[in-house]
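Let's take a walk through this structure together, one helix at a time. Keep the 3D view open as you read, and turn it as we go.

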Amino acid sequence: MNIAQIRRMRGLTQSDLADMVKASQPTISRAERGDDGTTLEVLRSSAAALGVPLAELFTDNRTKAEQELLEVFRKLP
């Protein structure tokens, strides 16, 4: 899962993201680890809060440089 990587790139803590998605910090921690108990709603809310499509949470084939470039691109008007 890319939740942790995207969250860190945005300068957020697990608690910050938890507040944004109205979930607990342990719920975010479990989602970042890819635990089976993570609900689709938590994943959807996390993606929305992080400003990425849901599928982005599951794509793990980008280098750090590619991810940073994508972040810059997304901020362009």
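What you are looking at is a predicted model. Its chain has an average pLDDT of 90, and 97% of the residues score at least 70. Confidence is highest in helix α2, at a mean of 97, and lowest in helix α5 (residues 64-75), at 81. As a general habit, where pLDDT is low, the predicted coordinates should not be read in detail.

Helix α2 is a good place to start, so find residues 14-21 in your viewer. Which residues of α2 are buried? They are Gln 14, Leu 17, Ala 18 and Val 21. These four span an arc of only 105 degrees around the axis, and therefore sit on the same side of α2. It helps to recall that an α-helix has 3.6 residues a turn, so residues three or four places apart point the same way. The partners of the buried residues of α2 are α1 (3-9), α3 (25-33) and α4. Just after α2 comes Lys 22, which has a positive phi, near 60 degrees.

Now let's look at two of these partners in turn. Two packed helices are described by the angle between their axes and the distance between the axes. For α2 and α3, the angle is about 105 degrees and the axes are 8 Å apart. An angle from 65 to 115 degrees counts as roughly perpendicular, so that is how α2 and α3 are arranged. On the α2 side, the contact uses Gln 14, Ser 15, Leu 17, Ala 18 and Val 21, while α3 contributes Gln 25, Ile 28, Ser 29 and Glu 32. By class, this contact of α2 with α3 holds four nonpolar residues, four polar and one charged.

Turn next to helix α4, residues 40-50. The angle at which α2 and α4 pack is about 105 degrees, and their axes lie 9 Å apart. This pair, too, is therefore roughly perpendicular. Here Leu 17, Met 20 and Val 21 of α2 touch Ser 45, Ser 46, Ala 49 and Leu 50 of α4. The contact of α2 with α4 is made up of five nonpolar and two polar residues, with no charged ones.

One last stop is Ala 31, back in helix α3. Is Ala 31 buried or exposed? Its relative accessibility is 0%, so Ala 31 counts as buried. To get a sense of distance, trace from Ala 31 to Lys 64: they are 33 residues apart along the chain, and their C-alpha atoms are separated by 21 Å.

Key: Residues are numbered from 1 along each chain as its sequence is written. This is a predicted model: local features need pLDDT of at least 70, side-chain atom pairs count only at pLDDT 80 or more; totals for chains, interfaces and linings use all residues. Side-chain values use heavy atoms; hydrogens and water are left out. Axes are lines fitted to C-alpha atoms, for helices over the stretch in contact, and angles run from 0 to 180 degrees between N-to-C directions. Helices (H or I, at least four residues) and strands (E, at least two) are DSSP runs, numbered from the N terminus. Angles under 35 degrees count as roughly parallel, over 145 as roughly antiparallel, 65 to 115 as roughly perpendicular and the rest as oblique. Contact means heavy atoms within 4.5 Å. Ala, Val, Leu, Ile, Met, Phe, Trp, Tyr, Cys and Pro count as nonpolar, Asp, Glu, Lys and Arg as charged, and the others, Gly among them, as polar. Buried means under 20% relative accessible area, exposed over 50%, partly exposed in between (1.4 Å probe, protein chains only). The arc is that of the directions from the helix axis to the C-beta atoms. pLDDT is the predictor's confidence in each residue, from 0 to 100.
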